[in-house]
Amino acid sequence: QVQLVESGGGLVQPGGSLRLSCAASGSISSIYVMAWYRQAPGKRRELVAAITNGTRTTYADSVKGRFTISKDNVKNTVYLQMDSLKPEDTAVYYCNADNDGRPWTTGSWGQGTQVTVSS
């Protein structure tokens, strides 16, 4: 099993930046993909960005060019650098670790961290 601890959420003004961190522990070697999801009020949870153990990345169209996902294998931590933040980025952001291509059913989830973009 994998345990995930998230940090870095908070309140930021439009156009600002924020970096989220997700520290993984446990069965680290079994992780295939790590990803960030978000869920805004009244919306379903959606994929924001993902990175494989081979460092390939995927981004939602809404965040391309603004968000960057990266990882530090020494620290077993995945980051989400968020730049040029918009009010519509406001959501609870969740970290996910997947080991079999089924993140929604068998993946591990962090507790979520609130990101609020407002003037």
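Begin the tour by selecting Y37: with a relative accessibility of 6%, this residue counts as buried, where buried means under 20% relative accessible area, exposed over 50%, and partly exposed in between, for a 1.4 Å probe and protein chains only. The model is a predicted one, in which local features need pLDDT of at least 70 and side-chain atom pairs count only at pLDDT 80 or more, while totals for chains, interfaces and linings use all residues. Residues are numbered from 1 along each chain as its sequence is written, and side-chain values use heavy atoms, with hydrogens and water left out.

**The aromatic rings**

Keep Y37 selected and add W104. A pair of aromatic rings is described by the distance of the centres and the angle of the planes. Rings of Phe, Tyr and Trp (for Trp, the six-membered ring) pair if their centres lie within 6.5 Å; planes under 30 degrees apart count as stacked, over 60 as edge-to-face and the rest as tilted. By this rule there are 4 aromatic pairs. In one of them, Y37 and W104 meet edge-to-face, at 5.1 Å centre to centre and with 75 degrees between the planes. This pair links distant parts of the chain, 67 residues apart: Y37 belongs to strand β4, and W104 to the loop between β9 (91–98) and β10 (108–109). Strands here are DSSP runs (E, at least two residues), numbered from the N terminus. Whereas Y37 is buried, W104 is exposed, at a relative accessible area of 52%. Next, add Y94 and W109 to the selection; ring pairs link Y37, Y94, W104 and W109 into a cluster.

**The open sheet**

Now select β1, β3, β7 and β8. Together they form an open sheet of 4 strands in the order β1-β3-β8-β7, with antiparallel pairing. The edge strands, each pairing on one side only, are β1 (2–7) and β7 (67–72). Two strands pair if DSSP finds at least two bridges between them. Strands of a sheet pair through backbone hydrogen bonds, either parallel or antiparallel.

Follow the sheet from β1. Strands β1 and β3 are joined in the antiparallel sense by 6 bridges, and here S7 stands opposite S21 in β3. From β3 (residues 18–26), 6 bridges lead to β8 (residues 77–82), again antiparallel. Two positions to display are C22, which stands opposite V78 in β8, and L20, whose bridge partner in β8 is L80.

The antiparallel strands β7 and β8 are likewise joined by 6 bridges. Their hairpin has 4 residues between the strands, and N76 takes a positive phi near 55 degrees.

Which strand holds S70? S70 lies in β7, and its bridge partner in β8 is Y79. At 31% relative accessibility, S70 counts as partly exposed. Display A35 as well: the C-alpha atoms of S70 and A35 are 9.9 Å apart, although 35 residues separate them along the chain.

**The largest pocket**

Finally, select I28, I31, M34, K71 and N73. Of the 16 residues that line the largest pocket, these are the closest to its centre. The lining comprises 8 nonpolar, 6 polar and 2 charged residues; Ala, Val, Leu, Ile, Met, Phe, Trp, Tyr, Cys and Pro count as nonpolar, Asp, Glu, Lys and Arg as charged, and the others, Gly among them, as polar. To see which strands contribute, display β4 (33–39), β5 (46–52), β7 and β8, each of which supplies at least two residues of this lining.

Note on methods. On a 1 Å grid over the protein atoms alone, a cavity is a set of points where a 1.4 Å probe fits but cannot get out, and a pocket is an open set with protein on both sides within 12 Å along at least five of seven lines; lining residues have an atom within 4 Å of a point.
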